[in-house]
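Here are a few exercises to work through with the model open beside you. Try each task before you read its solution.

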Amino acid sequence: RDFQYVLKMESQMKGMKGQFHQIEDNRKTLMSRHFQELKVKMRELLPLIPVLEQYKTDSKLILQFKEEVRNLSAVLTGIQEELGVFDYEELHQRVLNLEIRLHDCMKKLSC
């Protein structure tokens, strides 16, 4: 009876050993196939590297433009605030006063 048990166990062990070898072979085959698929994908993606580099460069340029626009907006806002201090009538009156002063100066100089 023990001998039959050992024979049965031996048979099961050989079966398991065969299954392990098959699993190992399948794993190697799958790994090789996946590696080849990855290589193909990498070859397909390789031309995208220069495109991504250009995208990064363009993004930096856009950020610089945005900063310049922000600075320009601040300057324009400052100018608008300065000009906003005077209304049109006040500016017109100042121009008239300057013209009168200019005419007075010209009279003094006999022009």
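**Exercise 1. Find the element that holds Ser59, say whether Ser59 is buried or exposed, and follow the chain from there to Leu91.**

Step 1: Ser59 sits in helix 2. Helices here are DSSP runs of H or I with at least four residues, strands are runs of E with at least two, and both are numbered from the N terminus.

Step 2: Ser59 has a relative accessible area of 26%, so it goes down as partly exposed. The scale runs like this: buried is under 20% relative accessible area, exposed is over 50%, and partly exposed is in between, using a 1.4 Å probe and protein chains only.

Step 3: Now go 32 residues along the sequence to Leu91, and the C-alpha to C-alpha distance is 44 Å.

Before you go on, two housekeeping points. This is a predicted model, so local features need pLDDT of at least 70 and side-chain atom pairs count only at pLDDT 80 or more, while totals for chains, interfaces and linings use all residues. Residues are numbered from 1 along each chain as its sequence is written, and side-chain values use heavy atoms, with hydrogens and water left out.

**Exercise 2. Work out the overall build of the chain: how many helices and strands, and what radius of gyration?**

Step 1: Count the elements, and you get 3 helices and 0 strands. In sequence order the pattern reads α-α-α.

Step 2: Check the radius of gyration, which is taken over C-alpha atoms. It comes out at 44 Å, whereas a compact globule of 111 residues would have one near 13 Å. That globule rule is 2.2 Å times the number of residues to the power 0.38.

Step 3: Look at the C-alpha trace along its principal axes, where it spans about 140 × 30 × 15 Å.

Step 4: Ask how much is buried, and the figure is 0% of the 111 residues. About 11000 Å² of the chain is exposed, and carbon and sulfur atoms supply 64% of that. These areas come from the Shrake-Rupley method with a 1.4 Å probe, and for residues only the protein chains shown count as cover.

**Exercise 3. Repeat the sequence-versus-space check with Gln36 and Cys105.**

Step 1: Gln36 belongs to helix 1 and is partly exposed because its relative accessibility is 39%. Going 17 residues in sequence to Glu53 takes you 27 Å in space, C-alpha to C-alpha.

Step 2: Cys105 belongs to helix 3, residues 88–108, and is partly exposed at 44% relative accessibility. Glu90 is 15 residues from Cys105 in sequence and 23 Å away, C-alpha to C-alpha.

**Exercise 4. Locate the salt bridges and place their partners on the helices.**

Step 1: There are 4 salt bridges in the structure. Each one needs a side-chain nitrogen of Lys or Arg within 4 Å of a carboxyl oxygen of Asp or Glu. Three of them follow.

Step 2: Glu10 and Lys14 pair up at 3.7 Å, N to O. Both are in helix 1, 4 residues apart, about one turn of the helix. Glu10 is partly exposed at 38%, while Lys14 is exposed at 57%.

Step 3: Arg27 and Glu24 pair up at 2.6 Å, N to O. They also lie in helix 1, 3 residues apart, about one turn. Arg27 is partly exposed at 40%, and Glu24 is partly exposed at 31%.

Step 4: Arg70 bridges to Glu67, with the closest N and O atoms 2.7 Å apart. Why is the separation about one helical turn? Because Arg70 and Glu67 are 3 residues apart in helix 2. Arg70 is partly exposed at 48%, as is Glu67 at 36%.

**Exercise 5. Track down the nonpolar surface patch and say which helix gives the largest share.**

Step 1: The patch covers about 490 Å² and is made by Met42, Leu45, Leu48, Val51 and Leu52. Helix 1 (2–45) and helix 2 (48–84) are the elements that give two or more residues to it. Patch residues have over 30% relative accessible area and no salt bridge; nonpolar side chains (Val, Leu, Ile, Met, Phe, Trp, Tyr) are joined within 5 Å, and like charges within 9 Å.

Step 2: Helix 2 gives the largest share, 3 residues.

Step 3: Take Leu48, which is in helix 2: its 42% relative accessibility makes it partly exposed.
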